[in-house]
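Thanks for asking me to look over this model. Here are my notes, point by point, to read alongside the coordinates.

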Amino acid sequence: IENALQSVFEENSAGATFMQDAIHSQYLGGCVWSATWLPEEGKDGKILISSPLPSEFLGIPDGPDYFNLKESWVIKALTEDELKSYSGYTDSGNDVKWWYIEHWTRTSHEVTINNKSIIEDNTNPFGVVPVVYIPHIRVNKFLGESVITEMVKGLIRELNLREADIGDA
């Protein structure tokens, strides 16, 4: 099991993702990890681990158990170039904005772009919602707290204004 997990993490560049998410969690309040089963990859399939931004994530925890979710969504706007990477989507030609929506429950998994499904099988092969939200600091609520408080934002704004004054002078 350990070798299989190490292989999955190596295939998904988990080291770089850990570093990226360590930085994201400082100012976004946490990070998200999601697993997806890709049966068409290789002879036995592949587990894809992705890390959507917390601002693109909505999760419903299972009561007080914040690490097990009842449902989760990843919702993000796609650029035209990103749209081309989704082979299951055909553009009608009339759309100028594209919305990627991935919805997980314990029994289903749906992925749509502008309400058109891009996967054939909508069953959840895992039996659990394979998404976890990892907070930076969790204080009596699901979402984590950012280290960038309003006071810090004020200080940064003041420093930027004084630097601009020096530049103007």
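1. Glu102 stands opposite Val111 in S6. This is a predicted model, so please read every value below as computed from it. Glu102 belongs to the stretch where S5 and S6 are joined by five bridges and run antiparallel. S6 covers residues 109-113, and the two strands form a hairpin with three residues between them.

2. On its other pairing, S5 meets S4, which spans residues 65-78. The two pair in the antiparallel sense over eight bridges, and here Ile75 stands opposite Ile101 in S5. S5 itself, residues 98-105, is mostly covered, with six of its eight residues buried. In a regular strand, side chains alternate between the two faces of the sheet.

3. Which order do the strands of the open sheet take? Five strands take part, in the order S3-S4-S5-S6-S7, and the pairing is antiparallel. The edges are S3 (57-62) and S7 (116-117), each of which pairs on one side only. Strands of a sheet pair through backbone hydrogen bonds, either parallel or antiparallel.

4. At the S7 edge, S6 and S7 pair in the antiparallel sense over two bridges, and Ile113 stands opposite Lys116 in S7. The loop between S6 and S7 contains Asn114. Asn114 has a positive phi of about 50° although it is not a glycine. Most residues other than glycine have a negative phi.

5. Asn140 is another residue to look at for its backbone: its phi is positive, about 55°, although it is not a glycine. You will find Asn140 in the loop between S8 (131-135) and H4 (150-168). Is Asn140 buried or exposed? Its relative accessibility is 79%, so Asn140 counts as exposed.

6. Now for the largest pocket, which has a volume of about 870 Å³. Its lining is made up of 32 residues, and those nearest its centre are Thr36, Leu38, His109, Val111 and Ile119. The elements that give two or more residues to this lining are H2 (14-28), S1 (30-38), S2 (46-50), S4, S5 and S6. S1 provides the largest share, four residues. If you plan to look at the chemistry of this lining, its residues divide into 14 nonpolar, eleven polar and seven charged.

7. Thr36, one of the residues nearest the centre of the largest pocket, is found in strand S1. Its relative accessible area is 13%, and Thr36 is therefore buried, the cut-off being under 20%. Leaving aside neighbours within four places in sequence, Thr36 is in contact with Lys46, Ile47, Leu48, Glu102, Trp104, His109 and Phe126. Glu102, from my opening point, is thus one of the contacts of Thr36. Thr36 and Ser50 are 14 residues apart in sequence, and their C-alpha atoms are 8.1 Å apart in space.

8. Turning to the chain as a whole, there are four helices and eight strands. From the N terminus on, the elements run α-α-β-β-β-β-α-β-β-β-β-α. The radius of gyration is 20 Å, well over the 15 Å that the globule rule gives for 169 residues, so the chain is more spread out than a compact globule. The C-alpha atoms fill a box of roughly 65 × 45 × 30 Å, taken along the principal axes.

9. How much of the chain is buried? Buried residues make up 28% of the 169 residues. As for contacts with a separation of 6 or more, residues 24 or more positions apart account for 47% of them.

10. A last stop is Ser13, in the loop between H1 (2-11) and H2. At 46% relative accessibility, Ser13 counts as partly exposed. Ser13 and Leu155 are 142 residues apart in sequence, and the distance between them is 36 Å, C-alpha to C-alpha.

How values were computed: Residues numbered from 1 in each chain as written. Predicted model: local features only at pLDDT ≥ 70, side-chain atom pairs only at ≥ 80, totals over all residues. Heavy atoms only, no water. Buried < 20%, exposed > 50% of the residue type's maximum accessible area, 1.4 Å probe, protein only. Pairing = 2+ DSSP bridges. 1 Å grid on protein atoms, 1.4 Å probe; cavity = no way out; pocket = protein on both sides within 12 Å on 5 of 7 lines; lining within 4 Å. Points joined across faces, edges and corners; volume = space filled by probe spheres on them. Nonpolar A, V, L, I, M, F, W, Y, C, P; charged D, E, K, R; others polar. Rg over C-alpha atoms; globule rule 2.2 N^0.38 Å. Contact = heavy atoms within 4.5 Å.
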